[in-house]
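Trainee: Got a minute? I have a new structure open and would like a walk through it.

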Amino acid sequence: MNEPIARRYVVTGRVQGVGYRRFAQQAAGECGVSGWARNLDDGSVEAFVIGTASQVAAMAGMLRRGPAWADVRTVLEEEAAMLELKGFRIR
């Protein structure tokens, strides 16, 4: 099943100021997904990811791990509306 799916993630913990969004961008390249990541005012990071189910699952695993300096506490995942995006951007 190679139909694309979209997911929204909110990652909490020490995820701002530690290169988390850059890590997410690099992970997206490795996983072959499109989307974006941005900081939220409450100190969390939001990521929007589009890819096949296996690609999105691989990306979710990377988001749960985070970069070396991060301390990921929770990763909330929800279905999201499909958008036409190419590449993965930091917002």
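Mentor: Let's go from the overall fold to single residues.

Mentor: One thing before you start: this is a predicted model.

Trainee: Noted. How many helices and strands does the protein have?

Mentor: The protein has 2 helices and 5 strands.

Trainee: What pattern do they follow along the sequence?

Mentor: Reading along the sequence, you get β-α-β-β-α-β-β.

Trainee: And how compact is the protein, for its length?

Mentor: Its radius of gyration is 12 Å, close to the 12 Å that the globule rule gives for 91 residues, so the protein is as compact as a globular protein of that length. The C-alpha trace spans about 35 × 25 × 20 Å along its principal axes.

Trainee: What share of the residues is buried?

Mentor: Buried residues are 42% of the 91 in the protein.

Trainee: What about the surface? How much area does the protein expose?

Mentor: About 5300 Å² is exposed, and carbon and sulfur atoms supply 48% of that area.

Trainee: Where do the charges sit, on average?

Mentor: There are 12 positive and 10 negative charges, and their mean positions are 6 Å apart.

Trainee: Switching to contacts. Of those between residues at least 6 apart in sequence, what percentage join residues at least 24 apart?

Mentor: That comes to 79%.

Trainee: OK, single residues now. Where is glutamate 46?

Mentor: Glutamate 46 is in strand 3, which covers residues 45-51.

Trainee: Is glutamate 46 buried or exposed?

Mentor: Buried. Its relative accessible area is 6%, and the cut-off for buried is under 20%, so glutamate 46 falls in that class.

Trainee: Which side chains make polar contacts with the side chain of glutamate 46?

Mentor: Arginine 8 is one of them, with a side-chain polar contact of 2.6 Å. The side chain of arginine 38 also makes a polar contact with that of glutamate 46, at 2.6 Å.

Trainee: What else does glutamate 46 touch?

Mentor: Leave out residues up to four places away in sequence. Glutamate 46 then touches Arg8, Tyr9, Trp36, Ala37, Arg38 and Leu40.

Trainee: Now another glutamate. Is glutamate 30 buried or exposed?

Mentor: Glutamate 30 is exposed, at 62% relative accessibility. You'll find glutamate 30 in helix 1, residues 20-31.

Trainee: How far is glutamate 30 from methionine 62?

Mentor: Their C-alpha atoms are separated by 9.9 Å, with the two positions 32 residues apart along the chain counted as the spacing.

Trainee: Back to strands. What can you tell me about arginine 7?

Mentor: Arginine 7 is in strand 1, residues 5-14. At 18% relative accessibility, arginine 7 counts as buried.

Trainee: Why does 18% count as buried?

Mentor: Because buried means under 20% relative accessible area, and arginine 7 has 18%.

Trainee: Which residues does arginine 7 touch?

Mentor: Not counting residues up to four places away in sequence, the list is Ala47, Phe48, Val49, Val56, Glu77, Glu78, Glu79 and Ala80.

Trainee: Isoleucine 5 is in strand 1 too, I think. What does isoleucine 5 touch?

Mentor: Yes, isoleucine 5 is in strand 1. Beyond residues up to four places away, isoleucine 5 touches Val49, Ile50, Gly51, Thr52, Ala53, Val56 and Met82. By contrast, the C-alpha atoms of isoleucine 5 and leucine 40 are separated by 23 Å.

Trainee: What about glycine 35?

Mentor: Glycine 35 lies in strand 2, residues 34-39. At 4% relative accessibility, glycine 35 is buried.

Trainee: And which residues is glycine 35 in contact with?

Mentor: Setting aside neighbours within four places in sequence, glycine 35 contacts Phe48, Leu85, Gly87, Phe88 and Arg89. Its C-alpha atom is 9.1 Å from that of glutamate 84, which is 49 residues apart from glycine 35 along the chain.

Trainee: Last one. Where is alanine 58?

Mentor: Alanine 58 is in helix 2, residues 53-65. With a relative accessible area of 36%, alanine 58 is partly exposed. The C-alpha atoms of alanine 58 and alanine 28 are separated by 9.2 Å, and the two are 30 residues apart along the chain.

Notes:
Residues are numbered from 1 along each chain as its sequence is written. This is a predicted model: local features need pLDDT of at least 70, side-chain atom pairs count only at pLDDT 80 or more; totals for chains, interfaces and linings use all residues. Side-chain values use heavy atoms; hydrogens and water are left out. Helices (H or I, at least four residues) and strands (E, at least two) are DSSP runs, numbered from the N terminus. The radius of gyration is taken over C-alpha atoms; the globule rule is 2.2 Å times the number of residues to the power 0.38. Buried means under 20% relative accessible area, exposed over 50%, partly exposed in between (1.4 Å probe, protein chains only). Contact means heavy atoms within 4.5 Å. Accessible areas come from the Shrake-Rupley method with a 1.4 Å probe; for residues, only the protein chains shown count as cover. Lys and Arg count as positive and Asp and Glu as negative; His and the chain ends are not counted. The place of a charge is taken as NZ of Lys, CZ of Arg, CG of Asp or CD of Glu. A polar contact is a pair of N or O atoms within 3.5 Å; within protein, one must be able to donate a hydrogen and the other to accept it, and residues adjacent in sequence count only if both atoms are side-chain atoms.
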